[in-house]
Amino acid sequence: MTTRIASFLDKGGTGKTTSIAHLGVALTQQGHDVLLIDLAGKQGDLAKAFDVWSDVQDAIEADEAWPNISTVFDDAWPTIAEKLGDDAVHDLVYETDEDVDLIPAHPGLDTLDSELGNIDDAGERYARLEAFLDDYVEGLPYDIVLIDLPGMSNNVTYNGLWAARRVLAPVEMGPFEAEQAGALREDLEKIRSSFGIDVELVMVLPNKVDDRTNLATEYLEAFHEEYSDTIAPEYVPYSQDIRNATQQGMTAFELKNPSTTAQRAREAFLADAEALIERVED
Ligand SMILES: Nc1ncnc2c1ncn2[C@@H]1O[C@H](COP(=O)(O)OP(=O)(O)OP(=O)(O)O)[C@@H](O)[C@H]1O
Ligand SMILES: [Mg+2]
């Protein structure tokens with residue numbers, strides 16, 4: 001079965017999208033076939049990170065962005081998929097220059113949360129993405145599916161967690177993040193007791209770490225103590241180059257003249273990608 005991992009923390013801007021993009025590319029460099037899925041909102045951050053957002057928007061404007069990621073949550077998806085045949089999933093997927101494939105976000109994600117909220121049965125409401133992955137993506141040549149989630153808990157998020165059963169939580173070094181990470185553990189426990197499904201926190205990934213400051217180093221130590229079993233082997237340093245690369249529609253792996261911090265970030269993502277696979281295989 002395909003390995004599925006979702007990035008999640010109930011907080012914006014900690015590096016969920018950046019981590020999914022960089023770990024995805026790291027995993028392809030290690031020989032895996034990777035599909036990324038963007039559920040994180042209509043702004044299309046993951047597609048922007050791989051410079052395919054303008055293609056997505058062209059398709060939207062030309063009325064050709066159907067089916068899209070929000071369609072697979074539809075009651076009618078099985079019927080639609082049957083009609084489209086082999087093209088059904090193919091139509092959703094964009095290839096990128098960095099070897100990962102991507103199912104980008106779509107404006108339809110905007111209303112999806114409330115639409116899902118109208119489904120009475122919780123099993124039905126939260127299991128739509130899982131059904132799509134089981135029935136339509138399992139047959140494709142991907143061995144890893146990474147799902148990027150919004151920085152808040154809603155019905156779309158729960159679909160991602162439900163389908164992936166495994167969570168990667170990027171955290172910044174601050175008091176609020178420590179709290180959010182604690183809340184995440186409680187959330188996952190709640191899911192377990194309410195729905196009987198196990199969603200495991202597989203990796204807490206310290207990101208944007210400025211290790212020249214004492215405060216960051218102190219938080220790093222605290223995270224290591226609190227999450228000794230799940231902390232990533234390497235933290236990702238703060239690097240202006242990551243921001244620059246993202247803005248140019250590429251990951252730091254594609255930079256021609258990477259700064260020292262960008263090189264360290266690349267090495268961290270490579271080591272963490274390897275650790276992620278080891279943990280999942282255990
Ligand atoms: N290690 C890093 N060094 C410097 N900048 C970073 C780093 N990681 C992420 N960033 C920048 O921080 C911003 C937020 O990152 P990102 O979009 O990945 O967070 P997110 O958790 O996905 O946010 P959201 O909750 O809004 O989806 C982006 O501008 C990104 O380029
Ligand atoms: Mg994001």
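# Ligand shell and backbone details in a predicted model

Over residues 5-195 the chain is 50% helix and 13% strand, and the end C-alpha atoms lie 19 Å apart. The model is a predicted one.

Colleague: Which UniProt annotation covers residues 5-195?

Modeller: The span with 50% helix and 13% strand is residues 5-195. The UniProt record, an unreviewed entry, annotates residues 5-195 as "domain: AAA".

Colleague: Where does ligand 1 sit, and how many residues surround ligand 1?

Modeller: Ligand 1 sits in the largest pocket. K16, T17, T18, N207 and S239 are the closest residues around ligand 1, and the residues that surround it number 17.

Colleague: Which helices each supply at least two residues of the shell around ligand 1?

Modeller: By class, the shell around ligand 1 holds four nonpolar, nine polar and four charged residues. At least two shell residues each come from helix 1 (16-29) and helix 12 (240-247).

Colleague: What distance separates a polar side-chain atom of T18 from an oxygen atom of ligand 1?

Modeller: T18 is among the closest residues to ligand 1. A polar contact is a pair of N or O atoms within 3.5 Å. For the polar side-chain atom of T18 and an oxygen atom of ligand 1, the distance is 2.5 Å.

Colleague: How much of the 640 Å² of accessible area that ligand 1 has on its own does the protein cover?

Modeller: A backbone N or O atom of S239 is 2.9 Å from a nitrogen atom of ligand 1. A polar side-chain atom of R243 is 3.3 Å from an oxygen atom of ligand 1. Of the 640 Å² that ligand 1 has on its own, the protein covers 83%.

Colleague: Which peptide bond is cis, with omega near 0 degrees?

Modeller: Most peptide bonds are trans. P67 is in the loop between helix 3 (53-61) and helix 4 (77-84). The cis bond, with omega near 0 degrees, runs from W66 to P67.

Colleague: What is phi of D51, and what is phi of R165?

Modeller: Most residues other than glycine have a negative phi. D51 is in the loop between helix 2 (45-49) and helix 3, while R165 lies in the loop between helix 9 (155-164) and strand 6 (166-171). Phi is positive in D51, near 60 degrees, and positive in R165, near 65 degrees.

Colleague: Which backbone oxygen does the side chain of S194 reach?

Modeller: S194 lies in helix 10, residues 175-195. The C-alpha atoms of S194 and A122 are 9.9 Å apart, with the two positions 72 residues apart along the chain. At 2.7 Å, the side chain of S194 reaches the backbone oxygen of K190.

How values were computed:
Residues are numbered from 1 along each chain as its sequence is written. Chains are lettered from A and ligands numbered from 1 in the order in which they are written. This is a predicted model: local features need pLDDT of at least 70, side-chain atom pairs count only at pLDDT 80 or more; totals for chains, interfaces and linings use all residues. Side-chain values use heavy atoms; hydrogens and water are left out. A residue is near a molecule or strand if one of its heavy atoms lies within 4 Å of it. A polar contact is a pair of N or O atoms within 3.5 Å; within protein, one must be able to donate a hydrogen and the other to accept it, and residues adjacent in sequence count only if both atoms are side-chain atoms. Accessible areas come from the Shrake-Rupley method with a 1.4 Å probe; for residues, only the protein chains shown count as cover. On a 1 Å grid over the protein atoms alone, a cavity is a set of points where a 1.4 Å probe fits but cannot get out, and a pocket is an open set with protein on both sides within 12 Å along at least five of seven lines; lining residues have an atom within 4 Å of a point. A molecule sits in a cavity or pocket if more than half of its atoms lie within 2 Å of its grid points. Helices (H or I, at least four residues) and strands (E, at least two) are DSSP runs, numbered from the N terminus. Ala, Val, Leu, Ile, Met, Phe, Trp, Tyr, Cys and Pro count as nonpolar, Asp, Glu, Lys and Arg as charged, and the others, Gly among them, as polar. UniProt positions are given in the numbering used here, feature names are shortened, and annotations may be inferred rather than shown by experiment.
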